[in-house]
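Trainee: Please show me how to read packed helices. I have a model to work through.

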Amino acid sequence: MCEAKLEPDVISYSAGTLACARGEQWQRALALLSEMWEAKLEPNVIRYNAGISACEKGEQWQRALALLSEMWEAKPEPDVISYNAGISACAKGKQWQRALALLSEMWDAKLRANTIRCESGE
């Protein structure tokens, strides 16, 4: 896009973030979220969820939690998918206390958990 002198928009950043999440490229997904902010394009809940999911797949539980915190500050409020990905990231990182804290936050936010996949990582 840069070579063609086209400005990326929300749709192009969104497609890139989702592709990175599916391809387990958490570093690139986070870089695209950061670029969106720099371009004054606010990511929505779907883009954040893609970033959190990419971090979960990359076993980056700290970064997943940082994105959840950022969501509260940026105002696309986390949804069930956001929390599920965060909880799964914590489970992969053997951070069960943090996973339980997220589950409690979810209940406080009046979001109801669906089936959450937790793996021991072993």
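Mentor: We will take two helix pairs, one after the other. This is a predicted model, where local features need pLDDT of at least 70, side-chain atom pairs count only at pLDDT 80 or more, and totals for chains, interfaces and linings use all residues. Residues are numbered from 1 along each chain as its sequence is written, and side-chain values use heavy atoms, without hydrogens and water.

Trainee: How are two packed helices described?

Mentor: By the angle between their axes and the distance between the axes. Helices are DSSP runs (H or I, at least four residues), numbered from the N terminus. Axes are lines fitted to C-alpha atoms over the stretch in contact, and angles run from 0 to 180 degrees between N-to-C directions.

Trainee: At what angle do α5 and α6 cross?

Mentor: Roughly 165°, and the axes come within 8 Å. Helix α5 covers residues 80–92 and helix α6 residues 96–108. So α5 is roughly antiparallel to α6 (over 145 degrees).

Trainee: Which residues of α5 and α6 make the contact?

Mentor: Contact means heavy atoms within 4.5 Å. On α5, they are V80, Y83, N84, G86, I87 and C90. On α6, they are R98, A99, L102, L103, E105 and M106.

Trainee: How far apart are the axes of α2 and α4?

Mentor: They are 12 Å apart, with an angle of about 20° between helix α2 (residues 26–38) and helix α4 (residues 61–74). That makes α2 roughly parallel to α4 (under 35 degrees). Here W26, L30, L33 and W37 of α2 meet R63, L67, E70 and A74 of α4.

Definitions and conventions:
Helices (H or I, at least four residues) and strands (E, at least two) are DSSP runs, numbered from the N terminus. Angles under 35 degrees count as roughly parallel, over 145 as roughly antiparallel, 65 to 115 as roughly perpendicular and the rest as oblique.
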